[in-house]
Amino acid sequence: MPVHCQQSPVLAGSAALVAMGAVVLYWAKPSGYGKTFVYSFLTRGRSFPVAIIFSSFFFCLGNGLLQSYYLIYCAEYPAEWYTDIRFSLGLFLFLLGMGINIHSDYILRQLRKPGEIIYRIPQGGLFTYVSGANFLGEIIEWIGFALASWSLPALTFAFFSLCFLGLRAFHHHRFYLKVFEDYPKSRKTLIPFIF
């Protein structure tokens, strides 16, 4: 794990560029950085509070700056990093998590007709197995990114994403069980068949 930081940009090697591209791709998708602005316009029913939109914006900005600074000024990857199992598996997990997250957000957006504010039970995709499929996708993304970039800032963010989103999934699961009598009892909170 590189710890020495340069004063001038390094971005030496394509691996840092791929990792930087993953950061940009994450925030460009509707459920990433775009969630701060785009997702609030795509949802149906209740509007998003402005305070949440701005706090999300600044949180994402801070994390994006930290990840980008590390990749631009600190990360140094050898030319063979592309063939390293950490990079390959990390990139696979990142893309898998992104697919899960995008698909789960799509399912959630389809639960309401425009103007409706009622709650419905999400069905399909990983929602068949867990209440927090969208959270699971995001956690997998950040674990993949941490593995592919092999950096302390990414590992730290993956850990805190797991803690924060895991807790949100727990509360969503508890809410669904309380509100819906017919909520599937076999559906877990975050990890299929386990938790």
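Start with helices H5 and H6, whose axes come within 9 Å and cross at roughly 170°. Helices here are DSSP runs (H or I) of at least four residues, numbered from the N terminus; axes are lines fitted to C-alpha atoms over the stretch in contact, with angles from 0 to 180 degrees between N-to-C directions. H5 and H6 are therefore roughly antiparallel, a label for angles over 145 degrees.

This is a predicted model, in which local features need pLDDT of at least 70 and side-chain atom pairs count only at pLDDT 80 or more, while totals for chains, interfaces and linings use all residues. Residues are numbered from 1 along each chain as its sequence is written, and side-chain values use heavy atoms, without hydrogens or water.

Select the H5 side of the contact (heavy atoms within 4.5 Å): Phe135, Glu138, Ile139, Trp142, Ile143, Phe145, Ala146 and Ser149. Facing them on H6 are residues including Ala154, Phe157, Leu162, Arg168 and His172. By class, the contact of H5 with H6 has 13 nonpolar, four polar and two charged residues. Ala, Val, Leu, Ile, Met, Phe, Trp, Tyr, Cys and Pro count as nonpolar, Asp, Glu, Lys and Arg as charged, and the others, Gly among them, as polar.

Next, keep H6 (residues 152-179) and add H3 (residues 50-74): the axes are 9 Å apart, at an angle of about 150°. H3 and H6 are therefore also roughly antiparallel. Phe59, Asn63, Leu66, Gln67 and Tyr70 of H3 meet Pro153, Ala154 and Phe157 of H6. Six of the contact residues are nonpolar, two polar and none charged.

Now show the aromatic side chains; the structure holds eleven aromatic pairs. Rings of Phe, Tyr and Trp (its six-membered ring) pair if their centres lie within 6.5 Å; planes under 30 degrees apart are stacked, over 60 edge-to-face, and the rest tilted. The rings of Trp142 and Phe145 have centres 5.4 Å apart and planes at 80°, so the pair is edge-to-face. Both residues lie in H5 (residues 133-149), three residues apart. Trp142 is buried (under 20% relative accessible area, 1.4 Å probe, protein chains only), at 2%, and Phe145 is buried at 3%.

Move to Tyr176 and Tyr183, with ring centres 5.2 Å apart and planes at 15°, so this pair is stacked. Both belong to a cluster linked by ring pairs, with Tyr119, Phe175 and Phe180.

Finish with two arginines. Arg112 lies over the face of Tyr119, 5.0 Å from the ring centre; the criterion is CZ of Arg or NZ of Lys within 6 Å of the centre and within 35 degrees of the ring normal. The charged end of Arg86 sits over the ring of Trp150, 4.6 Å from its centre.

Note on methods: Helix = DSSP H or I, 4+ residues; strand = E, 2+ residues; numbered from the N terminus. Parallel < 35°, antiparallel > 145°, perpendicular 65-115°, else oblique. Buried < 20%, exposed > 50% of the residue type's maximum accessible area, 1.4 Å probe, protein only.
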